[in-house]
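Please have the sequence and the model open side by side while you read. The text below goes through helices, sheets and loops in turn.

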Amino acid sequence: MKQDQALVPDPVDVRLGARLAELRAEHGWSLAELAERSGVSRSTLSRAERAETSPTASLLNRLCAVYGRTMSQLLSEIEAEPAPVMRAADQPVWRDKASGFVRRSVSPPHAGLRGELVEGRLTAGADIAYDRPPVPGLEQHIWVLEGSLAVTVGDTGHRLGRGDCLRLRVWGPTRFRCPGPDDVRYVLAVMRP
């Protein structure tokens, strides 16, 4: 029975794949054109659109950059219209199984608002690199609640401990790493330019 369950795609991956296919169609791009624009192979894009694989944070970041969206915006597009009060039980959670990254959308994007709050969790040793921001000039505030987090912005590294906050605008590559020994939990406040 467990083997049969493994063959059933995650419902979030199915909705995400459908939305990715819709976005590509809205732009009138073939898989080959999207592959060229994003730097992601056609086969990987096709498998993500058909929910045959769970996309990684890095893959979604590349696609968000091409489509001019934040990751939260993309993920909110596959959820119901957000309510003014987001109960903890209703906050969408997305997991990047490959990297050990868990992302809870505490305050998802909402019409008329520029900001959003995300709770991030990285397991000890987890390392996520983004080659570009999803939206150039994106403002981020990273506040560490537990553990420690190493953040690299361009060529500048920052080591954050409990209670520390890094404020920045993202124009180029970034990297988030949990040096351990414990997992890290942090709040990411994101404001569109």
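Two strands count as paired if DSSP finds at least two bridges between them. This is a predicted model, and the pairs described here are to be read in that sense. In general, strands of a sheet pair through backbone hydrogen bonds, and the pairing is either parallel or antiparallel.

A case to begin with is the pair β5 and β8. Strand β5 covers residues 138-146, and 6 bridges link it to β8 in the antiparallel sense. Within this pair, I142 has L166 of β8 as its bridge partner. L166 also belongs to the covered face of β8, a strand of residues 165-170. L168 and V170 are on that covered face too, while C165, R167 and R169 make up the uncovered face.

Which sheet holds this pair? Both strands belong to an open sheet of 6 strands, in the order β1-β2-β3-β10-β5-β8, with antiparallel pairing. At its edges stand β1 (93-96) and β8; each has a single partner strand, so one side of each is left without a neighbour in the sheet. On average, neighbouring strands here are turned by 20° against each other, if direction is ignored. Elsewhere in this order, β2 (residues 101-107) and β3 (residues 115-122) run antiparallel and are joined by 6 bridges. R103 is bridged to G120 in β3.

Now turn to the other sheet. Four strands in the order β4-β9-β6-β7 form an open sheet, again with antiparallel pairing. Its edge strands, β4 (127-130) and β7 (156-160), each pair on one side only. The twist from one strand to the next averages 15°. Strand β6 takes in residues 149-153, and its antiparallel pairing with β7 runs over 5 bridges. Here L149 finds its bridge partner in L160 of β7.

A loop between β9 (174-177) and β10 (184-191) contains P181. In this loop the peptide bond leading from G180 to P181 is cis, and its omega is near 5°. The strands on either side of the loop have places in the two sheets: β9 is in the order β4-β9-β6-β7, and β10 is in the order β1-β2-β3-β10-β5-β8.

The helices come next. Which residues of helix α3 are buried? In this helix, residues 31-38, they are L31, L34, A35 and S38. Viewed down the axis of α3, these buried residues fall within an arc of 105°, so they line one face of the helix. They pack against three other helices, namely α2 (11-27), α4 (42-49) and α5 (57-67). Just after α3 comes G39, with a positive phi of about 80°.

A second positive phi is found at A51, about 60°, although A51 is not a glycine. A51 sits in the loop between α4 and α5. Is A51 buried or exposed? Its relative accessible area is 11%, and buried means under 20%, so A51 counts as buried.

A21 gives a different value for an alanine. This residue lies in helix α2. Its relative accessibility is 25%, so A21 counts as partly exposed. Along the chain, A21 and C178 are 157 residues apart, and their C-alpha atoms are separated by 33 Å.

Methods: Residues are numbered from 1 along each chain as its sequence is written. This is a predicted model: local features need pLDDT of at least 70, side-chain atom pairs count only at pLDDT 80 or more; totals for chains, interfaces and linings use all residues. Side-chain values use heavy atoms; hydrogens and water are left out. Axes are lines fitted to C-alpha atoms, for helices over the stretch in contact, and angles run from 0 to 180 degrees between N-to-C directions. Buried means under 20% relative accessible area, exposed over 50%, partly exposed in between (1.4 Å probe, protein chains only). The arc is that of the directions from the helix axis to the C-beta atoms. Contact means heavy atoms within 4.5 Å.
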